[in-house]
Amino acid sequence: MTHAASTHGTAAAPAHDATVLGACPHDCPDTCSLVTTVRAGRAVYLRGNPDHPQTAGVLCTKVSRYLERVYHPQRLTQPLRRVGPKGAGRFEPVSWDEALDDIAARLRAIAARDPQAIVPYSYAGTMGLVQGEAMAARFFHRLGASLLDRTICSSAGAAALQVTLGGKVGMPVHTFADSRLILIWGSHSIASNLHFWRVAQQAKRCGAKLVCIDPRRTETADKCDLHLALRPGTDAALAYALMHECFVHGWVDHDYLQRHTVGWQALRARALQWPPARAAAVCGLPVAAIEALARELGACFERGEPIGIRLNYGMQRTRGGGNAVRAVACLPAVLGAWRRRGGGLLLSSSGWFPVQRDVLYRPDLLARSPCPQPRTINMSTIGDALLHPGGGSFGPRIEALIVYNSNPAAVAPQSGRVVQGLRRDDLFTVVLEQFQTDTADHADYLLPATTQLEHWDIHLSYGHTDVLLNRPAIAPQGQAWPNTAVFRALARRLGFDEPCFDDDDLTLCRQAFGTAVDFERLLRDGWAPLPVPDVPFADGGFPTPSGKCELFSAALAAQGLDGLPEVLPNHEPAGADPRYPLAMISPPARHFLNSTFVNVKSLRDAEGEPCLEIHPDDAAPRGIADGDTVEVFNDRGRHRTRARVTTRARPGVVVGLGIWWRKDGLDGTNVNELTSQALTDLGRAPTFYDCAVQVRRCAAA
Ligand code: SF4
């Protein structure tokens, strides 16, 4: 392959056809290797890299349409300044210099009072380490701005893995091909982990059984041998019931427990309190279904066959989500599954990557700022934070919000509060974006950002263990800039003269892993594997303080928490409030990725319109027919949408597939109008799937 990119921040347009290696930037565990064909400076074809084993030449439907997104007529191509009222989305063009001069002046004035009043807000709009936090983190550290606790997706599960396995580590995804029983737990793999699904199909062809554990009957569930549609937030009870059956029937690897775990006797005593009948009542499942799954585990155990568990983050979005991940993460140790290739568990592999975060993010720059120990704002409660008047332990009122790689007006919980905050006239908001999203509508300055085809980046993965390099394939569209260029330019204007602000993007790519990864190989192949063993914990060696799988966590006990996984009820348990008898979950729609791709016509057409799935047993007593307009509501807000009466939703649980932009909603709202800012037990994460609602049919217009 030839490589079309310059070594600087953006691409030089190639003179003739070229193929350029890149990496998918989206928030997906698969981190595919991309091959872009460029003709006369224009990307004409995008495909999965056939030479990258994890990608195997295949992209998902969403990113197959990436060029539609890159050349979208509504791409932002010039800096814009607000002219209408906050939130009206009316702007006028300005030059980059004018915009940056004014932004720098505004930030300087706020920082002179208290730099903590400036808050960065970003997440995984790109997973790239360079266009993600590298230059941005340096800038905000040097400024002394508030720190952001980036909790919105995975921090409950991450905290659970940290105390149980020692980090975000697990079995390599390709080894699921050797599993003989695969539990797909809290994951719609076909939609959000396609390349794992391909491996699971390989295993199935060799005789493996697939089990899906998910409140919704997804297309993944359709294709599994067994589906347990449990109530949201009851996964820990199910995990304990499975362990109950293991201990009672002797499906237990005592040697593994003895040598490689901490606290198994205490775990056993707790598990024995959870016979299947008790868990069935909590989970809303037939006792027989739990017993049948336990028998599958037992049969595999007795035959010495590998059992793999693929968790995803869906299950940790309720109050007890962290403990639920802990409970499930105990199962492979009980069964001794870690001993075998194809056995164990995978939630995230990102902990295997030796990222040099201190080099990239430069937290040492805080010491040179006027505020060396700034406060931390939790991104999951940004609605409340924006509306806080300031004072007390909160610190100064937020005066400036700099948003990049995120769309909080649509994706943050209780979005009515978020929007109310963004509409504050005294809030100065800068948004770096590719499109005019709901959040962008509220910007004072809206700065056009490059897409993945237009900049350098380097990627870890949370689903496999290869590092990927992304080369720019085409020149930036219009006047779009990479995020790094914006923060470099602001640093210059604010007088930050540290040499690290001169690092170009290729230098940042090299710094991300230092010598731990062969950069020449990345330049040549586009990817490089980490040396992770296929059976990483066959002989223990977990990266915990004890070196063992910590079924009982002394670290949690020292914080006054339960050292064992707990079964915690939801903040809003089913049936607790008769006004809101239904539980609502809001998993991603198959053709969107969070709020990305919502404006890509082909994908939007495939998805149809915002809707609420409701089971016929819940629809009938409410007089709701398929296609009716319904109002879903609770104390936090109301959202009008279209009813889809379907058995994909289980009784008692409605499903608002997300995440549509608010402005696509019938009344300018989306499902997050209803979700709460309550947090999880571990990791301070949001509880999107812990949301009690009522639904009623709207009268015909
Ligand atoms: S979204 Fe996931 S499956 Fe789709 S191309 Fe990107 S990494 Fe691959």
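Here are some questions and answers about this predicted model.

User: Happy to start with the ligand: which cavity does the ligand sit in?
Analyst: Let's begin with its surroundings, which include Cys24, Cys28, Asp30 and Thr31. Further residues around the ligand are Cys32, Leu59, Cys60, Val63, His195 and Leu593. As for the cavity that holds the ligand, it is the second largest.

User: How do the residues of the shell around the ligand divide into nonpolar, polar and charged?
Analyst: Cysteine counts as nonpolar here, and Cys24, Cys28, Cys32 and Cys60 are among the residues around the ligand. Asp30 is also one of the surrounding residues, and Asp belongs to the charged class. The division is 7 nonpolar, 2 polar and 1 charged.

User: Is Cys32 buried or exposed?
Analyst: Cys32 belongs to the loop between strand E1 (18-23) and strand E2 (33-39). Leaving out residues up to four places away in sequence, Cys32 touches Gly22, Ala23, Cys24, Thr55, Val58, Leu59, His195 and Leu468. Its relative accessible area is 7%, and the cut-off for buried is under 20%. Cys32 is therefore buried.

User: How far apart in space are Cys32 and Leu59, C-alpha to C-alpha?
Analyst: Both residues are among those that surround the ligand, and Cys32 touches Leu59. In sequence, Cys32 and Leu59 are 27 residues apart. From C-alpha to C-alpha, their separation in space is 7.2 Å.

User: What span should helix H13 have at 1.5 Å a residue, and how far apart are its end C-alpha atoms?
Analyst: Helix H13 covers residues 287-303, which makes 17 residues. The rule takes 1.5 Å times one less than the number of residues, so H13 should span 24 Å. The end C-alpha atoms agree with that, being apart by 24 Å.

User: Which residues of H13 are buried, and which residue just after H13 takes a positive phi?
Analyst: On the buried list for H13 are Ala289, Ile290, Leu293, Ala294, Leu297, Gly298 and Cys300. Just past the helix, phi turns positive, at about 70°, and the residue there is Gly304.

User: How many residues of H14 are buried?
Analyst: Helix H14 (residues 321-335) reaches 22 Å from its first C-alpha to its last, close to the expected 21 Å. Just after H14 comes Gly336, with a positive phi of about 65°. The helix is largely enclosed by the rest of the structure, because the buried count is 15 of the 15 residues.

User: Why does Thr450 count as buried?
Analyst: Thr450 is in the loop between strand E17 (445-448) and strand E18 (457-459). Beyond its neighbours within four places in sequence, Thr450 is in contact with Arg75, Gln434, His455, Pro476, Ala480, Trp481 and Pro482. Buried means under 20% relative accessible area, so Thr450 qualifies with a value of 4%.

User: Where is Ala56, and what is its phi?
Analyst: Ala56 sits in the loop between strand E3 (42-48) and helix H1 (61-64). Ala56 is partly exposed, with a relative accessible area of 32%. Its phi is positive in a residue other than glycine, with a value near 55°.

User: Which peptide bond is cis in the loop between E26 and E27?
Analyst: The loop lies between strand E26 (653-655) and strand E27 (692-697), and Ile659 has its place there. Arg684 lies in this loop too, with a positive phi near 55° and 44% relative accessibility, so Arg684 counts as partly exposed. The cis bond has omega near -5° and runs from Gly658 to Ile659.

User: What separates the C-alpha atoms of Lys548 and Thr164?
Analyst: Lys548 is in the loop between strand E20 (527-529) and strand E21 (549-550), and is partly exposed at 28%. Among the residues Lys548 touches are Thr164, Gln258, Arg259 and His260. Although Lys548 and Thr164 are 384 residues apart along the chain, their C-alpha atoms are separated by 8.6 Å.

User: How far apart in space are Leu582 and Ser179?
Analyst: Leu582 is part of strand E22 (residues 582-585) and counts as buried at 4% relative accessibility. The residues Leu582 touches include Asp618, Arg622, Gly652 and Val654. Leu582 and Ser179 are 403 residues apart in sequence, and in space, C-alpha to C-alpha, the distance is 37 Å.

Definitions and conventions: Residues numbered from 1 in each chain as written. Predicted model: local features only at pLDDT ≥ 70, side-chain atom pairs only at ≥ 80, totals over all residues. Heavy atoms only, no water. Near = heavy atom within 4 Å. 1 Å grid on protein atoms, 1.4 Å probe; cavity = no way out; pocket = protein on both sides within 12 Å on 5 of 7 lines; lining within 4 Å. Sits in = over half its atoms within 2 Å of the grid points. Helix = DSSP H or I, 4+ residues; strand = E, 2+ residues; numbered from the N terminus. Buried < 20%, exposed > 50% of the residue type's maximum accessible area, 1.4 Å probe, protein only. Contact = heavy atoms within 4.5 Å.
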